[in-house]
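Reader: I am new to this structure and would be grateful for a close look at a single part of it. Please take the salt bridges as the part to examine, and describe their surroundings as well.

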Amino acid sequence: MDEPAATPPSPQPSVLPLTGEGGADWHPVSPQLAVVRRVTATAVLLPLVLASAASAVLLTPWLALPAVALGLVWCWLMWLVPRQVAAISWAELPEELAIRKGRVWRSMVTIPYGRIQYVDLSSGPYKRRKGIADISVNTASPASSGDLPGLPVEVAEELRVRLSAHGEAQRAGL
């Protein structure tokens, strides 16, 4: 009897989708990033709202319109920021780092390990208090560089070391 010929496996797609499919292990950023961004927005807008409201009381009621507009902007940001943060994720792939952002205007940056020149880790005072840090992956081309905000500090430090090691190993093979 003749054995049926084995069908070759279907090739894996070379392009990762912007959605959750594709077999990559996507990691979300820390939810504390939303808290930091909300506090920052409040710290910027609150003095402006108070100044507009005080001007409306002291000078003319028409100056209450900027206070109302800024209050609406603040409400919109309080709704938007958690959704933006939830849409940020990253994955370490065999040959590159992938960073996804956005819900409406989606973007995905893939950074080949061999192009990584250096990896920065930064954290301001409030981010340090919340236990998060930002990673900035730099390459020779700004178009292929990327940043990853709001990682837990331990994860950010480990990722920085791994990415630097991947970059050194891949460049050594060139």
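Author: A residue counts as buried under 20% relative accessible area, as exposed over 50%, and as partly exposed in between. By that rule Glu92 is partly exposed, because its relative accessibility is 28%. The model under discussion is a predicted one.

Glu92 is a suitable place to begin. Side chains of opposite charge can pair when their charged atoms come close. Glu92 forms a salt bridge with Arg162, and the closest N and O atoms of this pair are 2.7 Å apart. The two residues belong to distant parts of the chain, 70 residues apart: Glu92 is in strand β2 (residues 89-92), while Arg162 is in helix α4. Arg162 has a relative accessible area of 32% and is therefore partly exposed.

Helix α4 spans residues 153-172 and also holds Leu159. With a relative accessibility of 0%, Leu159 counts as buried. Beyond its neighbours within four places in sequence, Leu159 is in contact with Glu92, as well as with Trp90, Leu148 and Leu151. Glu92 thus appears both in the salt bridge with Arg162 and among the contacts of Leu159. A further distance concerns Leu121, which is 38 residues from Leu159 along the chain; the C-alpha atoms of these two are separated by 9.7 Å.

The structure holds three salt bridges, and the pair of Glu92 and Arg162 is one of them. In another, the side chains of Asp147 and Lys101 meet at 3.0 Å, N to O. Asp147 lies in strand β7 (residues 146-152) and Lys101 in strand β3 (residues 96-101), so this pair ties together parts that are 46 residues apart in sequence. Asp147 is partly exposed at 40% relative accessibility, and Lys101 is likewise partly exposed at 24%.

There is also a salt bridge between the side chains of Asp134 and Lys127, with an N to O distance of 2.5 Å. Here the partners are covered: Asp134 counts as buried because its relative accessibility is 18%, and Lys127 is buried with a relative accessible area of 17%.

Asp134 may be placed in its surroundings through strand β6, which covers residues 132-139 and includes Asn138. Asn138 counts as buried at 14% relative accessibility. Leaving aside neighbours within four places in sequence, its contacts are Arg115, Ile116, Gln117, Tyr118, Asp120 and Ser145.

Key:
Residues numbered from 1 in each chain as written. Predicted model: local features only at pLDDT ≥ 70, side-chain atom pairs only at ≥ 80, totals over all residues. Heavy atoms only, no water. Helix = DSSP H or I, 4+ residues; strand = E, 2+ residues; numbered from the N terminus. Buried < 20%, exposed > 50% of the residue type's maximum accessible area, 1.4 Å probe, protein only. Contact = heavy atoms within 4.5 Å. Salt bridge = Lys/Arg side-chain N within 4 Å of Asp/Glu carboxyl O.
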